[in-house]
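Please open the model in your viewer and keep the sequence panel beside it, since each stop on this tour begins with a selection.

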Amino acid sequence: MKNFNPVLFILFFFSTSLLVNGQKSEWRIPLKVGAQFAVIDENEKEIFPAEYDDIRVYNDQKILLLSKNGLWGVYSFSGQKLLDHVMAKVGSGYGQAIVEQVKIANSGLSSKSNSGLTAINDFHANVKYYVNPNKLLPSYKPYSNQLYRGSENVYTIPESINNAFYVLNRDRTVNVIDSTGKEILPYAKKDIQIINNQVFAAKENENFALFQRDKQVSPYEYLSVVKTYNNGNFIVTKNVKTPNIIKKFYYFFNKECMVIDSSEHYPDSYEEKYIIMNHEKGFVLYTSDGKKIFNNQEYKGSLFNLGSQIYITTSQNYKKGIMTLSGEEIIKPHCEITNHYGAKMISVWCDEKVIIRDSLMNEIFTIENAEDCTPIVSKQLYIIGFKDQWRRKYGVVDENKNVIIEPKWTSITWANCNDLLYMENDSIRAIGSLDKRNLVVSLPKEWRLTIYPNCTYITANHNEGLFKTYDMQGKELMSGNQKESIENQKYGPHKYKIVGESKSYVLEDKNKVRVLNETFQEILAIKDGNNESIYICQFSQKNHPTTKTLNNDLKVITPPGYSVPASWQHYNKNNPGTLIVVNDADGTAKSYTPRIGICDFKGQWLVKPFKGAVKHVENGVFVLKDYDQRKLRIVDPSGNRTSNEDFDDVEMGGGSDFFQNRMLVSKIMDPDFIKKLKALNLDNIDPKTLTEEQTDVLMEKIKTLGKPKMIYGYLNSKGKEVLPLQYVAAKPFPMQGIKTQVAIERKGKTYSQIIDTSGRVFLELELDELESFDQKDTTMYKGNKDGLWGIVTPKGASLTPFQFDEIYRLGGDSFYASQGESRYLINSEFKVLDLGKWYNVRHSYTNGFFNVKFINKDLKSPYTFTFYSDDLNTLGSVVGVDISDSFNGSKLPKGYVMVKTDFQNKSDYIYDIVRQKKVQR
């Protein structure tokens with residue numbers, strides 16, 4: 001071999017090796033031949049001939065379901081029959097699939113599955129079969145299709161189990177199968193607990209015996225399995241007869257079912273790391289796999305952690321000490337020790353002083369003559385308890401032992417809210433402020449005080465059912481009787497009750513007597529802050545006026561000639577005490593510019609009538625559109641303007657948070673645009689009288705105006721300015737996330753920014769517009785330059801040309817774009833593929849490849865679907881009404897799609913994307 005080239009040989013070897021390895025994936029593809037089905041493999045070799053009536057292929061589980069003569073059978077990928085044709089139908093169950101991977105121990109408690117065991121559900125016969133297509137058995141037994149979760153005494157299933165699974169027989173007895181589906185125990189049992197892959201506890205009568213696989217290794221003497229570990233070790237209990245009494249003992253076993261230790265005390269453990277067995281004298285510390293670390297002959301021990309550090313609390317004669325995991329004694333057991341977990345500190349009281357230690361046992365604070373000390377870490381303060389005759393009195397000191405609160409309280413607890421404390425003595429209960437050093441709320445001992453979550457308000461409840469509510473400064477907001485409050489909840493907080501009669505409503509008093517002869521289509525009751533109620537009573541849906549609004553004296557309260565429109569009545573719940581009303585004459589005439597106003601519950605004007613509309617209303621704010629002034633103004637519930645500015649537009653969220661408590665407002669900065677707009681005389685045009693031709697002409701005139709130059713800013717949900725009018729472009733804040741896109745002008749150039757709700761700039765680029773594809777993805781952005789979009793890096797480098805009208809993320813790091821009628825596909829390497837000009841296209845990533853659906857203007861013609869590789873090479877096209885990555889409800893392997901040729905599915909077929917051909921015979 002004179003011309004032997006070792007380099008070429010190596011390259012040839014690796015290329016063929018990769019080819020072989022690339023073909024290792026096993027697939028099965030259904031094939032329809034006439035009215036029958038066949039099955040072929042990834043190399044188009046026939047595995048099953050075309051003699052089956054229906055088919056389900058499960059490539060992930062390597063299972064086939066084939067129907068013949070009305071019955072279904074189950075087969076392996078190699079063609080071996082696992083279950084004869086015994087299933088009458090293939091249906092679905094509650095939250096279960098026909099074929100599903102079996103989870104750890106078949107418990108349903110874990111998503112992990114590494115066994116290869118698969119369950120086949122026959123929902124119509126209520127049975128389940130367990131098979132492993134890689135390790136086949138001669139036959140398979142039907143089990144109950146209900147899950148068995150193991151003994152009620154054990155609350156965890158070790159995730160290390162992968163070769164033992166519960167099965168429930170149809171007579172409710174239990175067994176265990178291995179990962180091939182073979183039963184392990186010789187007989188079914190009343191109850192079983194899987195301990196590890198080799199050891200089980202099986203119950204007969206009232207006790208458990210231990211089994212190593214199918215071999216019984218103990219009598220039926222154990223009461224329960226109380227703990228299992230991922231390493232296979234476990235703890236069980238049994239009763240032991242002593243000379244004087246029967247005692248419950250705990251036995252610590254290793255995974256080979258050998259006893260490591262036993263004790264009448266419950267073993268103390270920390271996570272999956274250490275175990276302490278306490279004995280009559282002393283204790284032994286083990287690793288969780290059973291290795292002895294050391295034993296102590298004097299003390300009892302228990303494990304605890306401080307941050308990432310683990311220690312042993314030792315105890316003797318009701319006193320405590322601390323020891324390391326190596327047996328080094330830090331504190332002898334003659335103290336009282338309290339673990340402050342949140343602070344990662346402990347307090348040690350002994351020798352007439354209290355010492356605070358950190359997680360490394362360093363002393364960080366000491367106080368003499370005290371009996372108790374609790375750190376308030378965020379304030380660098382300490383709650384100190386001093387002995388006062390037979391009890392303790394508490395106060396607060398700083399790190400230099402300066403007294404913040406005198407020790408005269410029987411109890412002080414940090415409220416973990418602002419700077420507040422719960423405080424108590426013999427006569428009162430109080431909420432105290434550390435910063436102001438005063439009592440925010442103070443009440444007699446019969447009251448219980450609670451600070452509500454998020455530090456929003458304080459409640460007080462009396463033993464006799466009284467209650468009070470305070471704000472966080474101690475101002476009383478409300479008080480009453482809890483029993484009356486409960487009655488009001490049943491009856492309603494209003495003087496009159498709304499009662500349904502047939503399809504209408506009436507008002508009744510508390511004696512169930514009707515107070516009006518009239519009936520209404522709907523009644524809305526609203527109570528204001530002064531405890532006054534009004535009733536918006538709707539008597540019509542179409543003919544204005546549609547409602548009348550009454551007070552508790554059953555008098556109409558709206559100003560003469562004005563009423564609440566039925567379509568607006570629920571807006572009035574947002575600001576109790578106010579009513580939005582419309583002029584009745586304008587409402588009757590169905591005017592496009594009605595006079596509206598806002599009044600209070602006495603009928604007094606808060607906002608005098610004007611021609612316009614309420615653009616938005618929320619708690620604490622009204623956004624009003626004035627047609628005469630052509631401006632937006634924002635007022636509060638008293639009718640006062642929240643901003644001196646008038647705006648031309650406002651955008652806010654559809655939810656209660658105003659898009660992160662931010663309203664986007666804007667003003668037109670182009671006086672010529674306003675003049676041109678007024679010249680159109682839109683106010684004097686009645687849309688009802690316009691012909692279609694006149695409407696088209698008007699729309700063209702509006703289009704020729706173009707987009708005016710605007711300036712943008714942001715208000716909060718109460719209408720107060722939080723970001724000034726300084727942006728030349730802006731978008732609303734999203735419902736999720738705290739960032740949005742704005743643009744500013746600086747020295748004649750436009751810079752786009754990503755900002756948060758405080759105006760802090762996260763990114764700035766010299767672009768006209770800037771948008772995030774995803775708020776969590778900061779690696780790339782969509783940028784606009786001279787009216788066209790491209791993709792850029794955070795440093796402004798172009799990843800694509802600026803040539804698109806629109807760019808959308810397709811999924812992952814791929815995109816689709818358009819420019820006029822031209823359509824484009826962009827891959828993760830930012831390669832751009834020109835798809836040509838089309839009326840419309842739809843993009844997706846289907847079963848491993850890009851798929852583009854080309855849509856003609858003639859929507860009646862079938863669609864063309866073209867497939868592209870990740871590097872945007874064309875892989876072929878199909879024509880049909882739709883495509884799918886599944887067949888008969890089962891997912892097809894990568895590279896195959898189901899093509900639907902018509903809506904009746906008469907000639908559907910499977911398409912091989914890579915080979916660019918129909919799968920057919």
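Which residue in β16 does Ala201 stand opposite? In this predicted model, selecting Ala201 and then β16 shows that the residue facing Ala201 is Leu210. Widen the selection to β15, residues 199-204, and β16, residues 207-212, and you will find two strands that run antiparallel and are joined by six bridges. These strands belong to an open sheet of four, ordered β14-β15-β16-β17, with antiparallel pairing. At its edges stand β14 (191-194) and β17 (215-216), each of which has a single partner strand, so one side of each is left without a neighbour in the sheet.

Next, turn to the cysteines, among which there are two disulfides. Select Cys335 and Cys350, whose sulfur atoms lie 2.3 Å apart in a disulfide; the link is right-handed, with 60 degrees about the S-S bond. Cys335 sits in strand β29 (residues 329-340) and Cys350 in strand β30 (residues 345-350), 15 residues apart, and both cysteines are buried.

Then select Cys417 and Cys455, which are joined by a disulfide with an S to S distance of 1.9 Å. Cys417 lies in the loop between β37 (411-414) and β38 (420-424), while Cys455 lies in the loop between β41 (447-451) and β42 (458-462), so the pair ties together parts that are 38 residues apart in sequence. Here Cys417 is buried, at 4% relative accessible area, whereas Cys455 is partly exposed, at 22%.

Finally, select Cys537, which is in no disulfide, the nearest cysteine sulfur being that of Cys599, 15 Å away; Cys537 counts as buried, with 0% relative accessibility.

Conventions:
Residues numbered from 1 in each chain as written. Predicted model: local features only at pLDDT ≥ 70, side-chain atom pairs only at ≥ 80, totals over all residues. Heavy atoms only, no water. Pairing = 2+ DSSP bridges. Disulfide = S-S within 2.5 Å. Buried < 20%, exposed > 50% of the residue type's maximum accessible area, 1.4 Å probe, protein only.
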